[in-house]
Amino acid sequence: MKKRYETIIIGGGIIGASIAYHLAKAGKQTAVFESGEIGKKATRAAAGMLGAHAECDKPGTFFEFARASQSAYKRLAPELKKISGIDINRHDGGILKLAFTESDRVRLAAMAELDSAEWLTAEEVFEKEPHAAKGIIGANFIRDDVHVEPLSVCRAFAKGAKLFGADIFEHAPVLSVEAASGGGVRIMTASGAVEAEHAAIASGVWSGVFFKQLGLNKSFYPVKGECLSVWNDTIPLTRTLYHDHCYIVPRRSGKLVIGATMKHGDWNDKPDLNGIEAVVKKAKMMLPEIGGMKIDQCWAGLRPETEDGNPYIGRHPENGSVLFAAGHFRNGILLAPATGEMITDMIVGRPVNPAWEEAFKVERKEAVHK
Ligand SMILES: Cc1cc2nc3c(=O)[nH]c(=O)nc-3n(C[C@H](O)[C@H](O)[C@H](O)COP(=O)(O)OP(=O)(O)OC[C@H]3O[C@@H](n4cnc5c(N)ncnc54)[C@H](O)[C@@H]3O)c2cc1C
């Protein structure tokens, strides 16, 4: 292991891997330190929806950032395939946000004002997805909210970074981070100290410890999500069905991914029967035939939530050598490309959208976590 790099990334989930890819592509000598294996924490648990509209019900800075990241995937899918050989399995069907009640309809119809969303009557929904539940009264169809396979994206970023010259260290937890005496940053690993001009903290829900070591009192809250997948060899389903924070995502392989619970404060990343039962119940409400499908597997992951639900993407307020990219909560897959680009632009000195910088900076004023 070298003792000095230009840039170090702590955490090899999708956020760290995207930063590594963009930095290595920009010619920076980069190393990623991952305590386990690349992409095997929250990233692997995700459904992979690029839900810019599904997750934001109003326009604003977050929506613009999400849209920019969503559209970066259009460029990245062929680019990552060409560079890494890995297909991120982008699936273009879009999302149908189903309305079962008048209040669902009012809320969703207001959202249809956002670009690329369109209100459909129940008949129009059945033309697209004949097996959707008969009890619906319509749906918001969001063409651009496609999905990808999160672990494939993460691996493609990591492999691409490697091919651009980055070092990726797995089973290499970082124990501490501090300002280096001669300038830059110094991390401590089990194999010794490593220094760099810049370090990016991208350790998901476990990032709080590094904020504290660097003098910042920021908390991260795990929000456990439980999912399962089933084999669909009986009915056609092209679009993601979504209702009440529950979704059925049709993968290219023929599997349907069903998710997800929201268990606040639970640090255990194993699913339990109550969680799986709850998502199955909601899934059957959207697609009754799903009850007869064979179970593939169940899993869970920890979404990294912050005080105000928005990620921290930006510099340490007093030490410009340290940058943060953590707390992407429900949207880390969606936001990975834009986050990787933003951190890279900050490090290489390219201009950054000032509204994004302001919205995601570490020292913003935040509402108290409930
Ligand atoms: C059930 C579920 C469904 C989801 N669905 C979606 C979705 O459809 N769309 C979407 O956009 N988002 C979704 N998300 C959210 C998304 O998964 C996360 O926002 C995203 O994975 C966060 O990425 P990350 O790289 O910050 O965190 P992680 O993937 O958790 O990666 C952090 C990494 O840091 C490593 N690490 C921690 N401490 C250290 C240390 N000391 N040293 C070295 N490495 C360390 C960890 O081992 C880990 O690999 C979902 C999440 C869940 C749980």
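Helices, in the sense used here, are DSSP runs of at least four residues, numbered from the N terminus. The model described below is predicted, and helix H1 offers a convenient place to begin.

Helix H1 comprises 12 residues, from 14 to 25. At 1.5 Å a residue, a helix of this length should span 16 Å, and the end C-alpha atoms of H1 are indeed 16 Å apart, so the expected and the computed span agree. H1 is mostly covered, since 11 of its 12 residues are buried. A residue counts as buried when its relative accessible area is under 20%. Among the buried residues of H1 are Ile14, Ile15 and Gly16, and the list also includes Tyr21, His22 and Leu23. After H1 comes Gly27, whose phi is positive, near 90°.

The view may now be widened to the annotated region. An unreviewed UniProt entry places the feature "domain: FAD dependent oxidoreductase" at residues 7-346. Over residues 7-346, the chain is 32% helix and 28% strand. The end C-alpha atoms of this stretch are 12 Å apart.

The ligand is the next point of interest. There are 38 residues around the ligand, of which Glu34, Thr43, Phe329, Arg330 and Leu334 come nearest. Several elements each supply at least two residues of the shell around the ligand: H1, helix H2 (42-45), strand E10 (221-231), strand E15 (294-305) and helix H10 (332-348). Helix H1, described above, is thus one of the elements that contribute to this shell.

Individual atoms can also be considered. A polar side-chain atom of Thr43 lies 2.6 Å from an oxygen atom of the ligand. With Gly332, a backbone N or O atom is found 2.9 Å from an oxygen atom of the ligand, and with Gly48 the corresponding distance from a backbone N or O atom to a ligand oxygen atom is 3.1 Å. On its own, the ligand has 1000 Å² of accessible area, and the protein covers 96% of this area.

A final residue to locate is Cys56. Cys56 lies in the loop between helix H3 (52-55) and helix H4 (61-84). Is Cys56 buried or exposed? Its relative accessible area is 7%, and Cys56 is therefore buried. Leaving aside neighbours within four places in sequence, Cys56 is in contact with Gly51, Phe62, Phe63, Met111 and Leu114. Cys56 and Gly292 are 236 residues apart in sequence, and their C-alpha atoms are 33 Å apart in space.

Notes. Residues are numbered from 1 along each chain as its sequence is written. This is a predicted model: local features need pLDDT of at least 70, side-chain atom pairs count only at pLDDT 80 or more; totals for chains, interfaces and linings use all residues. Side-chain values use heavy atoms; hydrogens and water are left out. The expected span of a helix is 1.5 Å times one less than its number of residues. Buried means under 20% relative accessible area, exposed over 50%, partly exposed in between (1.4 Å probe, protein chains only). UniProt positions are given in the numbering used here, feature names are shortened, and annotations may be inferred rather than shown by experiment. Contact means heavy atoms within 4.5 Å. A residue is near a molecule or strand if one of its heavy atoms lies within 4 Å of it. A polar contact is a pair of N or O atoms within 3.5 Å; within protein, one must be able to donate a hydrogen and the other to accept it, and residues adjacent in sequence count only if both atoms are side-chain atoms. Accessible areas come from the Shrake-Rupley method with a 1.4 Å probe; for residues, only the protein chains shown count as cover.
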